[in-house]
Amino acid sequence: MAANIPFPLREPQQKEQTPQQFQPNLNVRLTCPDCRVSPPHIVEEFASGDLVCGDCGLVLGDRIIDTRSEWRTFANDEGDDPSRVGAAANPLLDGNQLDTVISRRDGGTGAAKDLNKVHGRATAVKGERNLVQAYKEISAMCDSISLSKIVSDTAKQLYKRVEDEKLLRGKSSDAIIAACIFIACRQEKVGRTFKEICALTRVPKKDIGRCYKSLQAKLQTNTTIMNSEDLMSRFCSNLQLPNYVQKAGVDLVRRAKELGTLAGKSPISVAAACIYLVSYLFRTPKSTRDIAHVAGVSEVTIKSAYKSLYAERENLIDIEALRSKPHGEGLSFDDLAFP
């Protein structure tokens with residue numbers, strides 16, 4: 001009879017564990033067979049396309065793929081020009097703008113400059129030359145009176161729309177440029193007067209006004225009315241008045257509008273008269289000649305508006321509130337100039 005072989009007893013398992021799946025290691029580890037240094041010091045030479053051991057110099061692979069960016073430098077010795085597709089497209093110009101431009105710089109012979117000029121004439125798009133020249137004039141004019149780039153770009157877009165839709169046929173380009181700059185200032189709420197635009201562009205006021213009215217009717221642009229508050233900061237800055245005088249002048253303009261003291265006066269006259277009153281009130285007096293030179297109005301106009309302000313000075317200015325603020329100690333209506 002066969003002997004009874006006892007079977008080993010298994011301890012009861014609480015939970016049956018699922019076997020883990022085998023996950024192969026797909027990482028390829030490259031080691032130099034000559035020096036067998038771990039970790040290996042391998043250098044990628046993209047110029048020759050080789051993998052080289054940095055310790056012994058053994059070539060481990062050839063024809064490797066360069067995974068770096070595709071920048072190429074087309075500049076001369078001075079500066080860098082990392083570009084592969086050229087400059088960004090200008091939305092203000094027509095065409096696909098994928099032209100190739102010959103550089104104007106060379107070794108000093110001057111041949112590249114001549115080639116660039118000839119190539120530019122041969123590849124110039126019809127009508128684009130006039131647009132580029134107009135854009136240069138708009139940029140130069142806006143920079144001369146310290147206008148922001150937003151105003152300059154808005155004026156360029158308006159000019160391009162006028163040229164594309166042929167809205168102002170027979171008008172001079174200078175008058176169109178002046179009207180576009182004036183409308184752009186109104187849209188971006190930058191206070192500039194007609195006289196300033198006339199002095200900037202050297203175009204008569206009537207021509208600018210006609211182009212402005214025609215563009216406003218045809219383009220249906222949303223232009224805001226110029227406020228005296230928009231002019232106060234620039235006028236006070238040109239007159240070198242401190243900030244607290246400028247702030248008091250803005251408050252005076254708003255109070256005069258609420259009471260209707262200077263109703264019917266132009267925003268420039270209102271701002272000039274308020275500056276004249278506030279400058280004497282804070283003991284930093286400015287003459288009517290200086291204010292008239294900055295604001296572009298006559299001295300008679302400033303004095304006429306100042307008479308109305310002087311008559312209502314107690315209703316327009318809360319002198320007790322100004323005395324409680326910094327730089328307001330000892331303020332009095334006695335310091336005001338008589339009209």
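According to UniProt, in an unreviewed entry, the feature "domain: TFIIB-type" occupies residues 28–61; UniProt positions follow the numbering used here, feature names are shortened, and annotations may be inferred rather than shown by experiment. The model is a predicted one, in which local features need pLDDT of at least 70 and side-chain atom pairs count only at pLDDT 80 or more, while totals for chains, interfaces and linings use all residues. Residues are numbered from 1 along each chain as its sequence is written, and side-chain values use heavy atoms, with hydrogens and water left out. Within residues 28–61, the end C-alpha atoms are 14 Å apart, and the span is 0% helix and 32% strand (helices, H or I of at least four residues, and strands, E of at least two, are DSSP runs numbered from the N terminus).

A good place to look next is helix α2. This helix covers residues 128–144, 17 residues in total, and its first and last C-alpha atoms are 24 Å apart, close to the 24 Å expected at 1.5 Å a residue (the expected span being 1.5 Å times one less than the number of residues). Its buried residues are E128, L131, A134, Y135, I138, S139, M141 and C142. They lie on the same side of α2 because they cover an arc of only 165° around the axis, the arc being that of the directions from the helix axis to the C-beta atoms. The other side of α2 carries the exposed residues R129, N130, K136, D143 and S144. Here buried means under 20% relative accessible area and exposed over 50%, with partly exposed in between (1.4 Å probe, protein chains only).

The cover over the buried residues of α2 includes α3 (149–165), α4 (173–187) and α5 (194–201). S139, which lies in α2, is in contact (heavy atoms within 4.5 Å) with S152 and K156, leaving aside neighbours within four places in sequence. The side chains of S139 and K156 are joined by a polar contact of 2.8 Å; such a contact is a pair of N or O atoms within 3.5 Å, where within protein one must be able to donate a hydrogen and the other to accept it, and residues adjacent in sequence count only if both atoms are side-chain atoms. After α2 comes S146, with a positive phi near 60°.

Turning to the nonpolar cores, the largest has 43 residues, and I275, L277, F282, L309 and I317 have the most contacts inside it. A nonpolar core is a set of buried Ala, Val, Leu, Ile, Met, Phe, Trp, Tyr and Cys residues joined through side-chain atoms within 4.5 Å. The α9 helix gives the most to this core, with 11 residues. A second, separate core of 36 residues includes L92, A134, A155 and I208.
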